[in-house]
Amino acid sequence: MGMRAIGNDDGLRFCRQGSLSQRPRVRPMSERFFPREDYFMRLALREAERALKHDDVPIGALVVQGGEVLAAAHNERELRQDPTAHAEVIALREAARTAGTWRVLDTVLYVTLEPCAMCAGAIVLARVPRVVYGASDPKAGACGSVLDVLGEARLNHRPEVAGGLLAAECGELLSGFFAARR
(Lines give C-alpha, C1' and ligand atoms only; values in the text may rest on other atoms or scores of the structure.)
Protein backbone atom coordinates (compact mmCIF):
# COMPACT_ATOMS: atom_id res chain seq x y z
CA MET A 1 0.00 0.00 0.00
CA GLY A 2 1.43 3.43 -0.98
CA MET A 3 1.63 6.63 0.99
CA ARG A 4 -0.38 9.73 0.17
CA ALA A 5 -0.85 13.19 1.62
CA ILE A 6 -4.19 13.92 3.23
CA GLY A 7 -5.72 16.90 4.97
CA ASN A 8 -5.36 20.58 4.33
CA ASP A 9 -2.64 23.06 5.17
CA ASP A 10 -3.59 22.89 8.87
CA GLY A 11 -3.28 19.14 9.16
CA LEU A 12 -1.28 17.83 6.20
CA ARG A 13 0.26 14.48 7.03
CA PHE A 14 1.07 11.23 5.34
CA CYS A 15 -0.87 8.04 5.87
CA ARG A 16 -1.24 4.69 4.18
CA GLN A 17 -3.71 4.73 1.32
CA GLY A 18 -7.02 3.33 2.35
CA SER A 19 -6.64 4.52 5.96
CA LEU A 20 -9.52 6.61 7.22
CA SER A 21 -7.48 8.01 10.09
CA GLN A 22 -6.98 11.74 9.92
CA ARG A 23 -5.22 14.12 12.26
CA PRO A 24 -7.72 16.34 14.07
CA ARG A 25 -7.92 19.83 12.67
CA VAL A 26 -5.92 22.29 14.69
CA ARG A 27 -8.09 25.09 16.03
CA PRO A 28 -6.55 28.49 15.45
CA MET A 29 -5.28 29.75 18.77
CA SER A 30 -5.38 33.36 19.81
CA GLU A 31 -1.87 34.68 20.17
CA ARG A 32 -3.06 38.04 21.38
CA PHE A 33 -1.83 38.88 24.81
CA PHE A 34 -2.99 41.87 26.77
CA PRO A 35 -0.54 44.15 28.64
CA ARG A 36 -1.13 42.77 32.16
CA GLU A 37 -1.05 39.14 31.08
CA ASP A 38 2.73 39.07 31.28
CA TYR A 39 2.43 40.11 34.95
CA PHE A 40 -0.11 37.37 35.73
CA MET A 41 1.96 34.68 34.00
CA ARG A 42 4.97 35.75 36.07
CA LEU A 43 2.83 35.27 39.19
CA ALA A 44 1.90 31.80 37.90
CA LEU A 45 5.61 31.06 37.43
CA ARG A 46 6.29 32.14 41.00
CA GLU A 47 3.48 29.85 42.14
CA ALA A 48 5.00 26.99 40.10
CA GLU A 49 8.29 27.41 41.94
CA ARG A 50 6.47 26.68 45.20
CA ALA A 51 5.82 23.12 43.96
CA LEU A 52 9.56 22.46 44.05
CA LYS A 53 9.51 22.63 47.87
CA HIS A 54 7.61 19.34 47.98
CA ASP A 55 9.18 17.76 44.89
CA ASP A 56 6.17 18.27 42.62
CA VAL A 57 6.33 19.11 38.92
CA PRO A 58 6.57 22.93 38.88
CA ILE A 59 3.31 24.04 37.32
CA GLY A 60 1.45 27.09 38.58
CA ALA A 61 -2.04 28.42 37.87
CA LEU A 62 -3.93 31.62 38.63
CA VAL A 63 -7.60 32.50 38.21
CA VAL A 64 -7.99 36.22 37.62
CA GLN A 65 -11.25 38.15 37.68
CA GLY A 66 -11.51 41.86 36.99
CA GLY A 67 -7.74 42.28 37.19
CA GLU A 68 -7.55 40.70 40.65
CA VAL A 69 -6.20 37.26 41.55
CA LEU A 70 -9.16 35.19 42.70
CA ALA A 71 -7.12 32.01 43.27
CA ALA A 72 -3.56 30.74 42.91
CA ALA A 73 -2.25 27.19 43.11
CA HIS A 74 0.59 24.88 42.15
CA ASN A 75 0.85 21.14 41.60
CA GLU A 76 0.44 19.15 44.81
CA ARG A 77 0.23 15.58 43.54
CA GLU A 78 3.22 14.40 45.57
CA LEU A 79 2.27 16.45 48.61
CA ARG A 80 -1.31 15.15 48.71
CA GLN A 81 -0.64 11.79 47.04
CA ASP A 82 -3.59 12.71 44.83
CA PRO A 83 -3.43 12.23 41.05
CA THR A 84 -6.01 15.00 40.54
CA ALA A 85 -4.08 17.65 42.51
CA HIS A 86 -3.03 19.58 39.40
CA ALA A 87 -2.49 23.32 39.70
CA GLU A 88 -5.47 24.14 37.47
CA VAL A 89 -7.92 21.94 39.39
CA ILE A 90 -6.82 23.29 42.76
CA ALA A 91 -7.02 26.90 41.50
CA LEU A 92 -10.50 26.32 40.03
CA ARG A 93 -11.73 24.78 43.29
CA GLU A 94 -10.39 27.75 45.25
CA ALA A 95 -11.88 30.24 42.78
CA ALA A 96 -15.29 28.56 42.96
CA ARG A 97 -15.16 28.59 46.75
CA THR A 98 -14.18 32.27 46.77
CA ALA A 99 -16.83 33.22 44.19
CA GLY A 100 -19.49 31.12 45.90
CA THR A 101 -20.44 29.36 42.68
CA TRP A 102 -19.11 26.53 40.52
CA ARG A 103 -19.41 28.75 37.45
CA VAL A 104 -16.13 30.67 37.35
CA LEU A 105 -17.42 33.26 34.89
CA ASP A 106 -15.68 36.45 33.75
CA THR A 107 -12.26 35.02 34.57
CA VAL A 108 -8.98 34.19 32.92
CA LEU A 109 -7.00 31.09 33.89
CA TYR A 110 -3.23 31.51 33.58
CA VAL A 111 -1.20 28.31 33.70
CA THR A 112 2.48 27.70 33.04
CA LEU A 113 1.93 24.47 31.03
CA GLU A 114 -0.76 23.61 28.50
CA PRO A 115 -3.59 21.90 30.44
CA CYS A 116 -4.04 18.13 30.24
CA ALA A 117 -7.35 16.45 29.36
CA MET A 118 -8.51 16.30 32.99
CA CYS A 119 -7.78 19.98 33.59
CA ALA A 120 -9.28 20.98 30.24
CA GLY A 121 -12.45 19.14 31.23
CA ALA A 122 -12.55 21.03 34.53
CA ILE A 123 -12.05 24.32 32.64
CA VAL A 124 -15.04 23.53 30.39
CA LEU A 125 -17.21 22.51 33.34
CA ALA A 126 -16.28 25.67 35.30
CA ARG A 127 -17.18 27.82 32.25
CA VAL A 128 -13.85 29.67 32.27
CA PRO A 129 -14.03 32.05 29.28
CA ARG A 130 -10.30 32.48 28.56
CA VAL A 131 -7.21 30.32 29.13
CA VAL A 132 -3.65 31.58 28.73
CA TYR A 133 -0.83 29.07 29.01
CA GLY A 134 2.95 29.26 28.79
CA ALA A 135 4.70 26.15 27.45
CA SER A 136 3.02 23.66 25.14
CA ASP A 137 2.83 20.03 26.27
CA PRO A 138 3.56 17.71 23.33
CA LYS A 139 2.90 14.59 25.45
CA ALA A 140 -0.35 15.42 27.25
CA GLY A 141 -1.55 18.87 26.13
CA ALA A 142 -5.30 19.11 25.58
CA CYS A 143 -5.47 22.60 24.05
CA GLY A 144 -4.28 21.51 20.63
CA SER A 145 -0.97 19.69 21.12
CA VAL A 146 -2.29 16.14 21.61
CA LEU A 147 -6.02 16.70 22.04
CA ASP A 148 -8.18 19.79 21.72
CA VAL A 149 -10.73 19.42 24.47
CA LEU A 150 -11.20 23.19 24.76
CA GLY A 151 -12.04 23.46 21.07
CA GLU A 152 -14.34 20.45 20.87
CA ALA A 153 -17.46 21.66 19.03
CA ARG A 154 -19.71 19.04 20.68
CA LEU A 155 -19.13 20.48 24.15
CA ASN A 156 -21.36 23.20 25.55
CA HIS A 157 -18.52 25.63 26.33
CA ARG A 158 -15.40 26.55 24.36
CA PRO A 159 -13.10 29.10 25.97
CA GLU A 160 -10.74 31.32 24.07
CA VAL A 161 -7.21 29.90 24.26
CA ALA A 162 -3.93 31.78 23.98
CA GLY A 163 -0.73 29.76 24.23
CA GLY A 164 2.95 30.60 24.35
CA LEU A 165 3.06 33.46 26.85
CA LEU A 166 6.54 33.36 28.46
CA ALA A 167 6.87 29.88 26.95
CA ALA A 168 10.67 29.82 27.20
CA GLU A 169 10.68 30.67 30.91
CA CYS A 170 7.89 28.21 31.66
CA GLY A 171 9.64 25.49 29.68
CA GLU A 172 13.01 26.14 31.33
CA LEU A 173 11.52 25.69 34.80
CA LEU A 174 10.08 22.32 33.77
CA SER A 175 13.24 21.22 31.89
CA GLY A 176 15.40 22.07 34.88
CA PHE A 177 13.15 20.05 37.19
CA PHE A 178 13.26 16.95 35.00
CA ALA A 179 17.00 17.28 34.25
CA ALA A 180 17.74 17.26 37.98
CA ARG A 181 15.72 14.05 38.40
CA ARG A 182 17.64 12.09 35.74
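Here a residue counts as buried when its relative accessible area is under 20%, as exposed when over 50%, and as partly exposed in between, using a 1.4 Å probe and protein chains only. By that yardstick, buried residues make up 44% of the 182 residues in this protein.

A quick word on the source: this is a predicted model, where local features need pLDDT of at least 70, side-chain atom pairs count only at pLDDT 80 or more, and totals for chains, interfaces and linings use all residues. Numbering starts from 1 along each chain as its sequence is written, and side-chain values use heavy atoms, with hydrogens and water left out.

**Overall layout**

The protein has five helices and seven strands, taken as DSSP runs numbered from the N terminus (helices are H or I with at least four residues, strands are E with at least two). Along the sequence they come in the order β-β-α-β-β-α-α-β-α-β-β-α.

**Strand 5 and its partners**

Strand 5 covers residues 107-113, and seven of its seven residues are buried, so the strand is largely enclosed by the rest of the structure. Two strands are said to pair if DSSP finds at least two bridges between them. Here are two pairings of strand 5:

| Partner | Sense | Bridges | One bridge pair |
|---|---|---|---|
| Strand 3 (residues 60-65) | antiparallel | five | Gln65 and Thr107 |
| Strand 6 (residues 130-135) | parallel | five | Val108 and Arg130 |

To get from strand 5 to strand 6, the chain passes through helix 4 (residues 117-126), and this β-α-β crossover is right-handed. In other words, with the strands pointing away from the viewer, the path from the first strand over the helix to the second runs clockwise.

**The core**

The largest nonpolar core has 49 residues, and Val63, Val128 and Leu150 have the most contacts inside it. Such a core is a set of buried Ala, Val, Leu, Ile, Met, Phe, Trp, Tyr and Cys residues joined through side-chain atoms within 4.5 Å. Contact means heavy atoms within 4.5 Å. Leaving aside neighbours within four places in sequence, Val128 is in contact with residues including Leu92, Val104, Thr107 and His157.

**Aromatic rings**

Rings of Phe, Tyr and Trp (its six-membered ring) pair if their centres lie within 6.5 Å; planes under 30 degrees apart count as stacked, over 60 as edge-to-face and the rest as tilted. The whole structure holds three aromatic pairs. In one, the ring centres of Phe177 and Phe178 are 5.0 Å apart with planes at 80 degrees, so this pair is edge-to-face. Phe177 is buried, at 8% relative accessible area, while Phe178 is partly exposed, at 34%. Ring pairs also link Tyr39, Phe40 and Tyr110 into a cluster.
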